[in-house]
Amino acid sequence: MNTFKSVFNQYDWETIKTKIYSTTSIEVEYALAKNKRSLDDFLALISPAAQPYLEQMAQLAHELTKKRFGKTIQMYAPLYLSNECQNICTYCGFSLDNKIKRKTLTESEITLEIEVLKKAGFDHVLLVTGEANHTVNVHYFLKTIAQIKNDFSTISAEVQPLSTKEYEQLHNAGIYSILVYQETYHRDVYKQYHTKGKKSNFDFRLETPDRVGTAGIHKIGLGVLLGLEDWRTDSFFNALHLDYLQKTYWQTKYAVSFPRLRPAEGVIEPNFIMDDTDLTQLICAYRLWNEDLEISMSTRENEKFRDNIIPIGITSMSAGSKTNPGGYVVDPQSLEQFEISDERSASEIAKVISSRGYEPVWKDWDRSYTNID
């Protein structure tokens, strides 16, 4: 079957990069004047030429988000199940070559972690693991989902790329959404960062969202690791990927996240610096291009930025996050995948959201309204 790879191969990185950096103010103004915007307009809105128009972009993004999603922010929390990993990725604290204590949560330990999350008010959880197929595999995921499915109305997963059949199993078990990040769409640079393990296979990862879409998962989340390559060019390819997926798997919902490279054990420094103004521009560009796109903001970002970005285009936020297995109560000292920046509790974040005139949403749909048992 055809996959995104056939579309991706029609584009050249350097050509797209040159087009972005040669965009003129006239092209930006043309994109801003339109009611419905194309990928070419998205390219113009992420260009350096669009920076002087950021205030106008933010105002438009605010209005579009309010029209489509209202004044609500969905709350979620990540649950790291394991830091075992068979990949060597030079930017990740879980990388195989890091000599750290490895841990995979047991059933009883998961129960303890869940109790903390439920007490904090969460009804949406994101399951996260490294890639260790001998222990943290689809059987482990299915067992975990069965254990926690009655505790949460929404369960998402950010785990290693799986087969279509395995995604179908997760879908039938109750998984609502799958997050999978290409990290960078620059094929040669990708090889430099991913030197060993299944993740070193660029094409297999590139085609993962196709397998997720074929399996009928309700929502797919994409993103790039901002800092590995030029953020503007990488973001264009991410938008190209989203555009393809929406046209191909049109019954599926889509989301985008913006992980910026953060400190972690044994990792590299960012090769490309993206400041807060750049990230704001990117968020606005995504919203102006696609008003149906869900946009998520994690605790990687600092308090001030997260507070100020609420009215502009965000639809979901994590809070009180721990990025290590057992981090909430079982083993708080185990190694984090990366350092978080916003360490406020879920209740503190909820109060901030309310103070901005928005409603923190802990549960926005119910399993009984779907065909998921």
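Is Ala61 buried or exposed? That was my starting point today, in what is a predicted model. Ala61 has 0% relative accessibility, so I put it down as buried.

**Entry 1, Ala61**

I placed Ala61 on the fold next, and it lies in helix H5, which spans residues 54–69. Then I looked up what touches it, skipping the neighbours within four places in sequence. That left Cys284, Arg287, Leu288 and Ile312 as contacts of Ala61. I also checked Trp289, which is 228 residues away from Ala61 along the chain. The C-alpha atoms of Ala61 and Trp289 are separated by 9.4 Å.

**Entry 2, Lys19**

I moved on to Lys19, which sits in helix H2, residues 13–21. Its relative accessible area is 42%, and because buried needs under 20% and exposed over 50%, I noted Lys19 as partly exposed. Leaving out neighbours within four places in sequence, I found Lys19 in contact with Asp40 and Leu43. I looked at a long-range pair here too: Lys19 and Thr233 are 214 residues apart along the chain, with their C-alpha atoms separated by 9.5 Å.

**Entry 3, H2 against H12**

Thr233 took me to helix H12, which I have as residues 231–248. How do H2 and H12 pack, and at what angle? I got an angle of about 110°, with the axes 9 Å apart. The range of 65 to 115 degrees counts as roughly perpendicular, so that is the label I gave H2 and H12. Their crossing is right-handed. On the H2 side, I listed Trp13, Ile16, Lys17, Ile20 and Tyr21 as making the contact. On the H12 side, the contact is made by Arg232, Thr233, Asp234, Phe236 and Phe237. I sorted the residues of this contact by class and got 6 nonpolar, 1 polar and 3 charged.

**Entry 4, Ser153**

Next I went to a loop. Ser153 is in the one between helix H7 (138–148) and strand E4 (154–158). With 7% relative accessibility, Ser153 counts as buried. What does the side chain of Ser153 make a polar contact with? I found the side chain of Asp123, at 2.5 Å.

**Entry 5, H6 against H7**

Since H7 had come up, I checked how it packs with helix H6, residues 107–120. The angle between H6 and H7 is about 45°, and their axes are 11 Å apart. Roughly parallel would need an angle under 35 degrees, and roughly perpendicular starts at 65, so I wrote H6 and H7 down as oblique to each other. The crossing of H6 and H7 is right-handed. From H6, I noted Glu107, Ile110, Thr111 and Ile114 in the contact. From H7, the contact takes in Tyr140, Lys143, Thr144, Gln147 and Ile148. By class, the H6 and H7 contact came out as 4 nonpolar, 3 polar and 2 charged residues.

**Entry 6, Glu183**

Last stop was a backbone oddity. Which phi does Glu183 have? I read a positive phi of about 75°, although Glu183 is not a glycine. Glu183 is in the loop between strand E5 (177–179) and helix H9 (187–193). I checked the accessibility of Glu183 as well: at 8% relative accessibility, it counts as buried.

Notes:
Residues numbered from 1 in each chain as written. Predicted model: local features only at pLDDT ≥ 70, side-chain atom pairs only at ≥ 80, totals over all residues. Heavy atoms only, no water. Buried < 20%, exposed > 50% of the residue type's maximum accessible area, 1.4 Å probe, protein only. Contact = heavy atoms within 4.5 Å. Axes fitted to C-alpha atoms, helices over the stretch in contact; angles between N-to-C directions. Parallel < 35°, antiparallel > 145°, perpendicular 65-115°, else oblique. Left-handed = near helix turned anticlockwise from the far one by under 90°. Nonpolar A, V, L, I, M, F, W, Y, C, P; charged D, E, K, R; others polar. Polar contact = N/O pair within 3.5 Å; in protein donor to acceptor, adjacent residues only side chain to side chain.
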